[in-house]
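Here is a short walk through one structure, written for someone who likes to check geometry against coordinates. Please keep the viewer open beside the text.

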Amino acid sequence: MLKNKNILLGVCGSIAAYKSASLTRLLVKAGANVKVVMTKDAASFITPLTLATLSKNPVQIEYFKPDTGEWNNHVESGLWADLMIIAPASANTLAKLAAGICDNLLTAIYLSARCPVFYAPAMDLDMWKHPATQSNVSKLNEYGNIILSPAFGELASGLIGEGRMAEPETIVDFLKTWLGEGQPLRGKKALVTAGPTYESIDPVRFIGNHSSGKMGFAIAEELARLGAAVTLITGPVSVKLSDNSIQRIDVTSADDMLTAVQQNFSGSDITVMSAAIADYKVENPAGIKIKKASPELNLQLTKTTDILATIGKEKKNGQLLIGFALETNNEEEYAVQKLRSKNLDFIVLNSMNDKGAGFKGDTNKITIIDRQLNKEHFELKSKTEVAADICRKIVDLV
Ligand code: CTP
């Protein structure tokens, strides 16, 4: 899949720049034509000579080549590339890309590139978690760039957490899958929500629900397997992702989830809202722990925003929107009402009356109802198999 592809590899100043050598080697071995562009700081971590030798092409660093008097044409480089991969992408470069700053050759080429752009963040865990970095990542995702999510593990600082650059082998596998045939959702971006939300009562207590997140995680993994670039927004859960290519955004409350969904929805081709989002939140959560002094405690609740209905109103042609309904009675009637009122392409209905369906367990039993009111009833299955059924319907509609 990578054979004869023109790949521009952008390398930023990060200790993970040493991995760029293996990445270059693997890409060249897979038959790609690789050209490397580095920032000046990257050249302090790994020598241009190493990357020039491995890529079999001169490495570009500066706009202007003082020795020959020529300049490195960023527009030409941007147009030459079939794919641009920025790996490692430092916090500083991510911020520049998000803001459209082009004060070096790499960032200028990024702005000129018409091809898909992938980026592999690499930084210390606190830099990665910082809201400024997360907001830059959301911006890049909105621009349609595809994240190669950082991995969890020991970092150069000695701290342990998320922030390690994805391994070169993982990046190459991801690219092959993304380019690969038999991947009907290749080139599509998907957004999935999962898990419960927690609504604060005071600093130690919350209102929540029993959602485990397993259904949403299974859908996210299946969409990624089918080639989509997946962003997963999840409430507090203990399940883990096995697919490193999925970008995971952790949130707590319904309001947090609303913000995260709104930041990611406009660039998404397929959105699956499987999260069990609270319909009500505590109007004025206490700032300090509530003591059990009085015999009664009354909490005033106010409605949260219906996220699905909100994005249903913003949905454009070509965007698919899928919702869930968990009902105890008049199941199909309520599901159809939700399908219509929230402007969905189809709804996945679970009935609490079906044993093994709904929250917590490893199985589910669903009915899919689409806009034409076609109804497909499925047997009780594992959540992985249910995810495959839901994604088959998505592929049909795509
Ligand atoms: N949902 C949402 N925002 C909320 C609540 C729910 O986006 N604040 C989404 C869920 O992710 C799910 C669908 O809406 O896809 C569920 O529909 P909803 O009408 O909220 O179901 P219930 O909460 O069960 O509502 P009702 O009590 O009216 O049946």
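What follows covers helix packing, the ligand site and two backbone details.

Please keep in mind that this is a predicted model.

**Helix packing**

Two packed helices are described by the angle between their axes and the distance between the axes. The table gives both values for three pairs.

| Helix pair | Axes come within | Crossing angle |
|---|---|---|
| α5 (residues 91-99) and α8 (residues 131-142) | 9 Å | roughly 50° |
| α10 (residues 214-225) and α14 (residues 383-397) | 8 Å | roughly 55° |
| α5 and α6 (residues 105-112) | 10 Å | roughly 40° |

Let us begin with α5 and α6. Angles under 35 degrees count as roughly parallel and 65 to 115 as roughly perpendicular, with oblique in between; at roughly 40°, α5 is therefore oblique to α6. The crossing of this pair is right-handed. On the α5 side, Thr93, Lys96 and Leu97 make the contact, and their partners in α6 are Leu106, Thr107 and Tyr110. Sorted by class, the residues of this contact are 3 nonpolar, 2 polar and 1 charged.

Helix α5 also packs against α8, with a crossing of roughly 50°, so these two helices are oblique to each other as well. Here the crossing is left-handed. Leu94, Ala95, Leu97 and Ala98 are the α5 residues involved, and they meet Thr133, Asn136, Val137, Lys139 and Leu140 of α8. This contact holds 6 nonpolar, 2 polar and 1 charged residues. Leu97 is worth selecting in your viewer: this residue takes part in the contact with α8 and also in the contact with α6.

The third pair lies elsewhere in the sequence. With a crossing angle of roughly 55°, α10 and α14 are therefore oblique to each other. Their crossing is right-handed. From α10, the contact uses Lys214, Met215, Ala218, Ile219, Glu222 and Leu223, while α14 brings Lys383, Thr384, Val386, Ala387, Ala388, Ile390, Cys391 and Ile394. By class, that gives 10 nonpolar, 1 polar and 3 charged residues.

**The ligand site**

How many residues surround the ligand, and which are the closest? There are 14 around the ligand, and the closest are Met273, Ala275, Asp279, Leu308 and Lys338.

Some polar distances can be checked directly. Asp279 places a polar side-chain atom 2.6 Å from an oxygen atom of the ligand. Leu308 approaches through its backbone, where a polar atom is 2.7 Å from a ligand oxygen atom. Ile307 also uses its backbone: one of its N or O atoms there lies 3.0 Å from a nitrogen atom of the ligand.

**Two backbone details**

Most residues other than glycine have a negative phi, and most peptide bonds are trans. Two spots in this model are worth a look with that in mind.

Where is the cis peptide bond? The bond joins Ala87 and Pro88, with omega about 0°. Pro88 belongs to strand β5, which spans residues 83-89.

The other spot is Asn330, a residue other than glycine whose phi is positive, near 40°. Asn330 sits in the loop that links β18 (320-327) to α13 (331-341).

Note on methods
Residues are numbered from 1 along each chain as its sequence is written. This is a predicted model: local features need pLDDT of at least 70, side-chain atom pairs count only at pLDDT 80 or more; totals for chains, interfaces and linings use all residues. Side-chain values use heavy atoms; hydrogens and water are left out. Axes are lines fitted to C-alpha atoms, for helices over the stretch in contact, and angles run from 0 to 180 degrees between N-to-C directions. Helices (H or I, at least four residues) and strands (E, at least two) are DSSP runs, numbered from the N terminus. Angles under 35 degrees count as roughly parallel, over 145 as roughly antiparallel, 65 to 115 as roughly perpendicular and the rest as oblique. A crossing is left-handed if the near helix is turned anticlockwise from the far one by less than a right angle, and right-handed if clockwise. Contact means heavy atoms within 4.5 Å. Ala, Val, Leu, Ile, Met, Phe, Trp, Tyr, Cys and Pro count as nonpolar, Asp, Glu, Lys and Arg as charged, and the others, Gly among them, as polar. A residue is near a molecule or strand if one of its heavy atoms lies within 4 Å of it. A polar contact is a pair of N or O atoms within 3.5 Å; within protein, one must be able to donate a hydrogen and the other to accept it, and residues adjacent in sequence count only if both atoms are side-chain atoms.
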